[in-house]
Amino acid sequence: MNWDQVKGNWKQLKGKIKEKWGKLTDDDLTLIGGKRDQLAGKLQERYGYEKDRAERELDDFARSLG
């Protein structure tokens, strides 16, 4: 799945995102609204990831969705 598809299915995917990254709140996910750069920033903030790691995690997540 590419990021445009993730963004298009954001409401349905919020549960999967919370399963993977439990430190993200419902409010975080609502504010992010499917924007990849904002999600990467939240992962850096909540998990202390480097930018490259956050980007890799998002790529891996999108690929895992098919």
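This report walks through the core, one helix pair and one loop residue of a predicted model.

Let's start inside. The largest nonpolar core has 17 residues, and the ones touching the most other members are Trp10, Ile17, Trp21, Leu39 and Leu43. Five helices, α1 (3-8), α2 (10-20), α3 (26-32), α4 (36-47) and α5 (51-64), each put in at least two residues. The largest share, four residues, is from α5. As background, nonpolar side chains tend to be buried together in soluble globular proteins.

Leu39 is a handy residue to click on: leaving out residues up to four places away in sequence, Leu39 touches Trp3, Trp10, Leu24, Ile32 and Leu58.

Now for the pairing of α4 with α5. Here is how the two helices sit:

| Feature of α4 and α5 | Value |
|---|---|
| Angle between axes | about 120 degrees |
| Distance between axes | 9 Å |
| Crossing | right-handed |

An angle of about 120 degrees lies outside the 65 to 115 range for roughly perpendicular and is not over 145, so α4 and α5 count as oblique to each other. On the α4 side, Arg36, Leu39, Ala40, Leu43 and Gln44 take part, and they meet Lys51, Ala54, Glu55, Leu58 and Asp59 of α5. That contact is a mix: five nonpolar residues, one polar and four charged.

Finally, take a look at Lys23, which sits in the loop between α2 and α3. With a relative accessible area of 49%, Lys23 is partly exposed, because exposed would need over 50%. Not counting residues up to four places away in sequence, Lys23 touches Asp28, Arg46 and Tyr47. Lys23 and Leu43 are 20 residues apart along the chain, with 8.7 Å between their C-alpha atoms.

Note on methods. Residues numbered from 1 in each chain as written. Predicted model: local features only at pLDDT ≥ 70, side-chain atom pairs only at ≥ 80, totals over all residues. Heavy atoms only, no water. Core = buried A, V, L, I, M, F, W, Y, C linked by side-chain atoms within 4.5 Å. Buried < 20%, exposed > 50% of the residue type's maximum accessible area, 1.4 Å probe, protein only. Contact = heavy atoms within 4.5 Å. Axes fitted to C-alpha atoms, helices over the stretch in contact; angles between N-to-C directions. Parallel < 35°, antiparallel > 145°, perpendicular 65-115°, else oblique. Left-handed = near helix turned anticlockwise from the far one by under 90°. Nonpolar A, V, L, I, M, F, W, Y, C, P; charged D, E, K, R; others polar.
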